[in-house]
Amino acid sequence: MKLASSENIRFIDKEIEYKHNTPSIVLMENAGRSIAEKMTQLFSKQSKICVLVGSGNNGGDGLVVARHLLNNGCQKVHVVICSTSLSKDGQTNYDILKTYRDVEIYTIKTLEKAKKILWSSEVIIDSLLGIGVNKEVTGIYAEIIDLINQKKDAKVISVDIPSGLKACGSLSKWPTVKADHTITLEFPKENMLIYPHKKVVGKLHVVDIGIPKMVRDRVRPSSYQVTANFVKKLLPKHREDSHKGDYGTGIVLGGNTNMAGAVKLSSLAAVRMGIGVLHTIVPNEIKNTVQNYMPENITWAIDYSKSRSSLNDTAKVLTKSDAMALGMGMGTKSNDQFFEKLILSYKKPLVVDGDGLNLLSKLPKGVIKSNWVLTPHPKEMSRLTGLEVSDIVENPVEVCKHYSKQFNCTLVLKGASTVICSPKGIAFINTSGNKSLSKGGSGDVLTGVILSLICAGATPLAAAISGVYIHGLSSDLLLESQNYRGILPSDVANHLPKAINSITQ
Ligand SMILES: NC(=O)C1=CN([C@@H]2O[C@H](COP(=O)(O)OP(=O)(O)OC[C@H]3O[C@@H](n4cnc5c(N)ncnc54)[C@H](O)[C@@H]3O)[C@@H](O)[C@H]2O)[C@H](O)CC1
Ligand SMILES: [K+]
């Protein structure tokens with residue numbers, strides 16, 4: 001699903017106005033009406049309602065909402081105009097509304113008056129600022145937003161976007177409305193899906209405002225939400241008359257003396273996703289435990305400190321493989337030469353995770369190839385880029401877009417909402433998954449899932465998008481019957497077939 005930026009919305013408005021000869025006030029009317037209709041499902045008509053109106057078209061939408069709430073039978077509607085001027089369409093709607101009898105309209109002069117109205121309201125409709133917010137929120141807006149956020153016993157519903165939140169880009173340090181519901185127009189905005197911004201959105205509703213399909217189709221966003229339907233299309237097809245060769249040969253390479261679990265989990269996930277043949281390559285010390293973990297894979301032993309002989313011993317397997325997942329639990333001691341030689345000689349798609357990323361962060365980034373998938377969490381991303389972790393978590397989409405282009409590869413920036421970016425910097429935001437995944441081992445499972453999908457024929461980007469979604473979905477299905485605390489990464493791996501069924505059937 002497309003996610004809109006402010007520029008995308010401006011594009012739509014211009015197309016509608018100039019190519020389809022539709023005055024802008026028509027869209028405002030559609031928006032206000034659709035929002036008011038949605039609101040009738042969120043509170044009773046008897047509620048005391050306060051509509052806070054700002055200077056731009058978001059405020060104009062609020063005025064239309066107030067009118068339609070009155071038309072729908074709401075009787076206690078107070079409108080507070082929080083600005084000395086209104087947009088052109090906002091002014092027209094103000095002129096219409098002031099002819100109505102059952103509405104009280106105040107133009108804010110003192111904060112005291114606004115506070116009194118706010119304090120006695122059961123529903124607060126926030127139409128102060130929309131996607132046009134373009135500077136720090138200060139003064140009267142900041143004070144009103146603080147008041148809204150202090151009032152805990154009212155339902156706060158934001159029109160289009162919580163006032164103060166930007167549609168895209170980094171976290172704003174200024175006051176922002178914390179909404180219980182946000183009713184957004186036509187497309188979700190990028191920041192609404194991604195933590196930390198998501199926290200202020202509350203429950204997100206998207207309403208239709210009558211944009212023609214031909215205009216929607218012309219919108220070229222730089223980010224998309226990953227959905228089940230999209231993933232279904234990306235999944236490699238499996239035929240009835242298939243054989244193991246159809247689903248590829250993959251390699252999981254990693255592990256260290258006290259780190260056998262990571263490769264076990266990646267291997268388990270790869271076979272649970274349907275890989276044709278899996279080879280697991282690990283240091284000799286852990287070969288037996290990895291081999292005994294499951295019967296479905298073939299296990300090989302290496303010694304990281306002897307890079308030449310280890311690469312020679314595994315050359316045949318490496319050559320016939322279709323893709324490799326590298327780095328899980330590998331450690332970073334005495335294996336940098338092995339790692340470097342391996343990545344320089346391996347030409348097939350590579351999924352680099354865990355310590356593989358830490359080893360990679362010490363090398364020039366020119367070694368990265370466009371058929372690679374990197375799967376860092378913010379700390380690993382910080383090592384790879386030199387950015388502070390806080391800069392990454394406060395602005396994950398922009399960071400991921402920038403570095404996927406710079407590294408020229410598929411980048412999976414893991415987090416509460418994982419962002420996947422193509423080498424061209426197009427972002428895919430995943431919202432499946434839950435806090436049961438906040439455990440050591442979850443990333444190893446994800447790596448195995450992505451490997452398996454590449455081996456079955458998906459492109460590295462398609463494998464990353466669908467792998468992240470299915471991995472999250474598997475944990476969501478487990479959450480239906482269990483508490484998140486006890487859901488293990490291996491449970492998530494074992495549940496992958498159910499997750500695939502829920503998408504494909
Ligand atoms: N296609 C659609 O989605 C439609 C959306 N509509 C609504 O219009 C707003 C966007 O309207 P716009 O006038 O461009 O912006 P805002 O209402 O957000 O207000 C901008 C207004 O406020 C000033 N401003 C910006 N930042 C600040 C600040 N920090 N402090 C004070 N003032 C600020 C700025 O200079 C402008 O004057 C969208 O969200 C929808 O609600 C249309 O109604 C229908 C089509
Ligand atoms: K708003």
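Trainee: Which residues of helix 15 are buried?

Mentor: This is a predicted model, in which local features need pLDDT of at least 70, side-chain atom pairs count only at pLDDT 80 or more, and totals for chains, interfaces and linings use all residues. Residues are numbered from 1 along each chain as its sequence is written, while chains are lettered from A and ligands numbered from 1 in the order in which they are written. A residue is buried if 20 or more other C-beta atoms, placed from the backbone, lie within 10 Å of its own. In helix 15, a DSSP run of H or I with at least four residues, numbered from the N terminus, which spans residues 378-385, the buried ones are Glu-380, Met-381 and Leu-384.

Trainee: Why do these residues lie on the same side of helix 15?

Mentor: The arc is that of the directions from the helix axis to the C-beta atoms. Glu-380, Met-381 and Leu-384 are the buried residues of helix 15. They are on the same side of the helix because the arc they cover around the axis is only 100°.

Trainee: Which helix gives the most to the shell around ligand 1?

Mentor: The shell holds residues near the ligand, meaning that the C-beta atom, placed from the backbone, lies within 6 Å of it. There are 30 residues around ligand 1, with Gly-56, Asn-57, Asn-58, Gly-130 and Gly-132 the closest. Helix 1 (6-19), helix 2 (24-39) and helix 3 (57-71) each supply at least two residues of this shell. The one that gives the most, with 5 residues, is helix 3.

Definitions and conventions:
Buried ≥ 20, exposed ≤ 12 C-beta atoms within 10 Å, placed from the backbone.
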